[in-house]
Number of protein chains: 2
Amino acid sequence: MTSTPLTRSEAKDLTRRKLIRAALAILDEEGEAGLSTVKVAKAAGIAQSSFYVHFKDMQELLLVLAEEGGARLRASMREARRRARESPGDLDLHRETFRIPLESICRHPELLRIQLRARHDPSSSLRGFATESAAAYREHHAADLAALGYTADDERDRRRLEMIADGINAATNALAMGHLEGRYPDLDEAADILTALSRGALRWLKATSAKPGPAADQAADQAADQAADQAAGPAEGPGSA
Amino acid sequence: MTSTPLTRSEAKDLTRRKLIRAALAILDEEGEAGLSTVKVAKAAGIAQSSFYVHFKDMQELLLVLAEEGGARLRASMREARRRARESPGDLDLHRETFRIPLESICRHPELLRIQLRARHDPSSSLRGFATESAAAYREHHAADLAALGYTADDERDRRRLEMIADGINAATNALAMGHLEGRYPDLDEAADILTALSRGALRWLKATSAKPGPAADQAADQAADQAADQAAGPAEGPGSA
DNA sequence: AATTTCACCGATAGTACTATCGGTGAAATT
DNA sequence: AATTTCACCGATAGTACTATCGGTGAAATT
């Protein structure tokens with residue numbers, strides 16, 4: 001209720017934040033085509049011409065948006081790694097690995113939506129941001145997969161690992177979007193499916209890898225397989241052929 | 001060299017085709033934001049105002065584009081099914097299932113690019129088309145997976161199968177785009193990875209399915225596993241635990 | 001207290017585009 | 001041969017937006 005006496009720079013910064021917030025909301029709701037200095041300024045509660053007190057043009061605002069989006073992304077990835085390290089035991093590790101990114105997307109769905117739109121749009125100012133984000137996610141997933149016991153030795157294996165990470169990443173996005181659209185109510189189920197997909201890929205990767213890898217790795221894999229099978233419920237025995 | 005004496009309606013239809021072609025090219029190269037009656041008409045070699053002889057507005061042209069895209073999509077899916085039926089033996093079936101869509105995408109990459117862009121863009125006139133296409137692809141993949149030996153019995157299993165198809169579909173698109181962008185030179189490798197992903201998912205689906213399914217299904221699965229393992233090279237034995 | 005700074009304002013010139021309108025000439029019809 | 005049709009044209013009114021400019025008043029500085 002009490003009036004808040006802001007200094008001039010504080011007030012300016014507040015207006016700037018309002019502009020950024022308004023732009024993000026419009027970007028998410030109407031897409032990049034819906035963005036205009038008129039709409040953004042009006043939504044932020046200032047005159048259209050005052051937009052230029054804060055940004056050289058819309059392109060500059062989008063750049064700031066992309067930088068902040070990137071920072072939030074990196075933070076959420078750090079957070080994910082931290083949680084993964086603290087994650088309870090071997091049994092949950094694999095599944096946690098996929099549930100964490102899903103949750104992270106669902107906490108800020110607009111980031112992914114904007115990224116997915118801009119990724120292949122030549123007219124988008126955010127294309128660079130989208131491409132970098134996609135690459136970052138890909139690397140993140142590749143590191144996750146590596147943490148699950150597989151390390152690539154030669155170029156072919158590295159490329160394969162990247163492709164798998166790319167595929168899993170795309171599947172993660174698709175399932176998260178499906179969840180947000182209400183098609184897949186249960187995120188845990190989505191995590192299960194990503195786990196199953198990745199286990200198939202890792203199994204194949206190990207089976208066809210240049211170097212079979214030390215026995216320890218294989219033992220770890222077996223353990224993970226067993227754990228997953230147990231967690232899944234009544235298991236089909238892996239081999240009677 | 002000889003002049004081609006076209007009737008009036010033939011000439012009109014030709015111009016219409018030119019407009020559609022020009023719009024598709026601009027849409028692919030510059031995105032939906034780059035489309036304007038000025039550019040499209042100029043690219044088609046007519047005056048801007050003549051655009052309206054053929055279409056009520058740009059929206060109508062985009063609708064026609066979407067319809068034609070949808071038709072091409074359905075045709076390529078029919079073609080894929082035909083080829084899959086004619087496909088040689090059990091060994092290649094699983095792999096063919098994934099190579100065919102990859103090839104189909106790479107033959108008309110602009111269709112997927114446009115679809116991926118429009119899919120989550122509220123401002124896009126093509127959003128409906130993109131959503132329908134995505135659903136069609138999803139169903140296509142779900143049918144493919146079903147053809148590989150799995151049929152869903154209850155609602156949970158059907159939803160799971162849809163999620164897996166969604167994930168595999170997203171991965172297919174991602175790998176195809178990566179191929180087109182030059183990151184993954186070999187489409188066969190991409191098909192291998194999709195195969196591996198789907199085998200993991202199907203394995204899990206069967207292991208956790210409500211009804212374990214008839215023995216025949218399981219036998220077929222075992223055979224597919226063996227075939228894939230043989231094709232893959234020196235196999236890691238499935239179980240020594 | 002006097003002066004300076006500056007965030008914000010309204011007005012507006014300039015740009016890009018859409019969609020309409022009357023005119024034209026060759027094809028089609030009579 | 002005379003008449004009608006119509007695909008296409010140039011001109012233009014209308015719309016939406018960008019980016020600049022001079023003005024204003026309160027905060028900040030002197």
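A polar contact is a pair of N or O atoms within 3.5 Å; within protein, one atom must be able to donate a hydrogen and the other to accept it, and residues adjacent in sequence count only if both atoms are side-chain atoms. The exercises below concern a predicted model, in which local features need pLDDT of at least 70 and side-chain atom pairs count only at pLDDT 80 or more, while totals for chains, interfaces and linings use all residues. Residues are numbered from 1 along each chain as its sequence is written, chains are lettered from A and ligands numbered from 1 in the order in which they are written, and side-chain values use heavy atoms, with hydrogens and water left out.

**Exercise 1. DNA strand C**

Task: Determine which atoms of chain B lie at phosphate oxygens of DNA strand C, and describe the surface near this strand.

Solution.

Step 1. A polar backbone atom of V38(B) is 3.5 Å from a phosphate oxygen of DNA strand C. For R8(B), a polar backbone atom is 2.9 Å from a phosphate oxygen of the strand. In Y52(B), an N or O atom of the side chain is 2.9 Å from a phosphate oxygen.

Step 2. Two or more residues of the surface near DNA strand C come from each of helix 1 and helix 3 (51–54) of chain A and helix 2 (37–44) of chain B. Helices here (H or I, at least four residues) are DSSP runs, numbered from the N terminus. Helix 1 of chain A gives the largest share, three residues.

Step 3. A residue is near a strand if one of its heavy atoms lies within 4 Å of it. Among the 18 residues around DNA strand C, T15(A), A47(A), S49(A), H54(A) and T37(B) come nearest. By class, this surface has five nonpolar, nine polar and four charged residues. In this division Ala, Val, Leu, Ile, Met, Phe, Trp, Tyr, Cys and Pro count as nonpolar, Asp, Glu, Lys and Arg as charged, and the others, Gly among them, as polar.

**Exercise 2. DNA strand D**

Task: State which parts of DNA strand D are approached by R8(B), T15(B) and A47(B).

Solution.

Step 1. R8(B) has a polar side-chain atom 2.8 Å from a base oxygen of DNA strand D.

Step 2. T15(B) has a polar side-chain atom 2.6 Å from a phosphate oxygen of the strand, and A47(B) has a backbone N or O atom 2.5 Å from a phosphate oxygen.

Step 3. Of the atoms of DNA strand D within 4 Å of the protein, 60% belong to sugar or phosphate and the rest to bases. Helix 1 of chain B provides the largest share of the surface near this strand, three residues.

**Exercise 3. Aromatic rings**

Task: Classify the ring pairs that F51(B) forms with Y52(B) and with F55(B).

Solution.

Step 1. Rings of Phe, Tyr and Trp (its six-membered ring) pair if their centres lie within 6.5 Å; planes under 30 degrees apart count as stacked, over 60 as edge-to-face and the rest as tilted.

Step 2. The whole structure has four aromatic pairs over all chains. In one of them, F51(B) and Y52(B), the ring centres are 5.4 Å apart and the planes stand at 75°, so the pair is edge-to-face. For F51(B) and F55(B), the centres are 5.8 Å apart and the planes at 45°, so this pair is tilted.

Step 3. Buried means under 20% relative accessible area, exposed over 50%, and partly exposed in between (1.4 Å probe, protein chains only). F51(B), at 0%, is therefore buried, as is F55(B) at 1%, whereas Y52(B), at 42%, is partly exposed.

**Exercise 4. Salt bridges**

Task: Explain why the salt bridge between E189(A) and R159(B) joins two chains.

Solution.

Step 1. A salt bridge is a side-chain nitrogen of Lys or Arg within 4 Å of a carboxyl oxygen of Asp or Glu. The structure holds 42 of them over all chains.

Step 2. In the bridge of E189(A) with R159(B), the closest N and O atoms are 3.0 Å apart. E189(A) belongs to helix 9 (residues 187–208) of chain A and R159(B) to helix 8 (residues 155–180) of chain B, so the pair joins two chains.

Step 3. E189(A) is buried, with a relative accessible area of 6%, while R159(B), at 21%, is partly exposed.
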